[in-house]
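Hi everyone, thanks for coming along. Let me put the structure up, and then we can walk through it together.

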Amino acid sequence: MSVHERTPTASRGWVQSYVRMDSKTVIITGANQGIGYETALDLAGRGARVIMACRRTDAGREARLKIIQEVPDAVVEVRRLDLASFASIYEFARDMKLNEPRLDVLINNAAVMGCPKSRTVEGFDMQMGVNYIGHFLLTELLLDLLKRTGAISAPTRVIIVSSMTHKFGRMKWDDIMHDNNYSPLKMYFQTKLANIYHCLELANRLQGSLVTCNCLHPGMALTSLADHVKQGDGYSCCLRCFFTSCCCCMEKTVYIPPKAAAQTSIYCTIAHELRLVSGSYFNKCAEERLTGHAYNDEAAMRLYDMTMKWIERGTPTISPVHIGESSLNTPAQGRRSIEGIPPEQMQMLRE
Ligand SMILES: NC(=O)c1ccc[n+]([C@@H]2O[C@H](COP(=O)([O-])OP(=O)(O)OC[C@H]3O[C@@H](n4cnc5c(N)ncnc54)[C@H](OP(=O)(O)O)[C@@H]3O)[C@@H](O)[C@H]2O)c1
């Protein structure tokens with residue numbers, strides 16, 4: 001019996017294993033606070049080279065110093081990544097491909113929740129753009145590096161931090177950016193469902209590639225994620241009062257510390273038993289079945305093809321309904337007209 005078979009990696013939602021990550025490189029988006037920070041701290045303690053991909057590099061640097069105070073020999077770097085800007089994502093990915101010889105794990109963790117209607121640089125809805133489309137583009141750009149690392153080492157991993165609130169999400173296929181009748185929370189739920197669909201379809205496409213892709217619910221944690229909801233941004237006075245009291249009540253009852261909420265991301269990163277598992281959903285460090293509308297391969301494929309077109313064009317201006325319908329008949333390999341983005345960026349997308 002090997003050491004991996006003897007020691008359970010996790011028990012009751014907590015990682016028990018002391019497995020090391022020496023010589024492995026991990027990227028964590030949104031690692032300067034909350035669940036991303038706790039994940040970075042843990043993996044740095046295991047010897048991983050952790051790249052903290054942060055929108056605010058000053059906050060990232062502060063977080064890095066905190067990690068180094070706790071783990072003096074940590075190998076942690078801060079790189080700028082604004083998921084609301086394609087230019088920033090391309091820049092980040094180019095830097096990775098030029099300077100990093102390997103990438104073992106990509107943790108798509110960053111998110112915004114329940115913010116008032118606003119747009120990314122390319123004009124996508126902010127929540128859809130950051131939580132889903134930005135991560136989708138980042139993953140596409142880094143797949144090549146993940147595949148190359150997977151071929152010389154153990155299978156590499158893409159980990160998508162979704163949420164159990166995907167269950168409340170519905171894809172509004174005819175108005176996917178919610179331009180009509182925007183509800184901040186419905187949009188957040190849609191983005192978390194989109195994360196699940198991304199995982200399902202990516203796992204399908206990665207079969208046989210030595211890269212796996214899994215998604216997870218981290219747990220309800222007391223972080224700044226809910227700040228917009230607490231303040232009732234974008235809601236009427238009544239709903240604002242309602243959300244504020246709900247959040248206060250939940251903070252006292254159901255919320256867990258960010259360290260506890262980071263356990264499932266850590267588990268999906270280190271668990272030896274998951275090395276060949278792909279397309280699965282995890283909660284409390286255990287696999288959970290996706291149910292109902294969340295387990296829908298056809299919707300996952302439809303959204304994937306739709307998103308490929310958005311990122312190739314760099315703009316959401318074409319009718320989503322039209323794109324969705326036509327892409328259903330588009331074979332994954334039969335790629336696509338190229339408009340709107342510079343040729344060198346397009347080249348990176350193709351590699
Ligand atoms: N907390 C919960 O109860 C809960 C429950 C279910 C799922 N989740 C999921 O867990 C993940 C982490 O959430 P959290 O609770 O740790 O939230 P958090 O503390 O608010 O952290 C979110 C992180 O995302 C980053 N971010 C926001 N916009 C960005 C952008 N445009 N580009 C790059 N990074 C950006 C933030 O950076 P700044 O500091 O610069 O804003 C921050 O580092 C999210 O995917 C969330 O959906 C959380």
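Let me start with a term: two strands pair if DSSP finds at least two bridges between them. Strands here are DSSP runs of E, at least two residues long, and helices are runs of H or I of at least four, with both numbered from the N terminus. What we have is a predicted model, where local features need pLDDT of at least 70, side-chain atom pairs count only at pLDDT 80 or more, and totals for chains, interfaces and linings use all residues. Residue numbers start from 1 along each chain as its sequence is written.

So, the sheet. It is open and has 8 strands, in the order 5-4-3-6-7-8-9-10, with mixed pairing. Strand 5 (75–80) and strand 10 (286–288) are the edges: each has a single partner strand, so one side of each has no neighbour in the sheet. On average, neighbouring strands are turned by 25° against each other, direction ignored; angles run from 0 to 180 degrees between N-to-C directions, with axes fitted to C-alpha atoms, for helices over the stretch in contact.

Strand 5 pairs with strand 4 (residues 49–54) in the parallel sense, over 6 bridges. There, Met52 stands opposite Val78 in strand 5.

Now the helices. Helix 2 (residues 34–45) packs with helix 3 (residues 57–70) at about 35°, their axes 10 Å apart. Which residues make the contact? From helix 2 they are Tyr37, Ala40, Leu41 and Ala44, and from helix 3 Ala63, Ile67 and Glu70; contact means C-beta atoms, placed from the backbone, within 7 Å.

Finally, helix 6 (residues 184–205) lies across strands 7, 8 and 9, at about 160° to strand 8. Thanks, all!

How values were computed:
Two residues are in contact if their C-beta atoms, placed from the backbone, lie within 7 Å.
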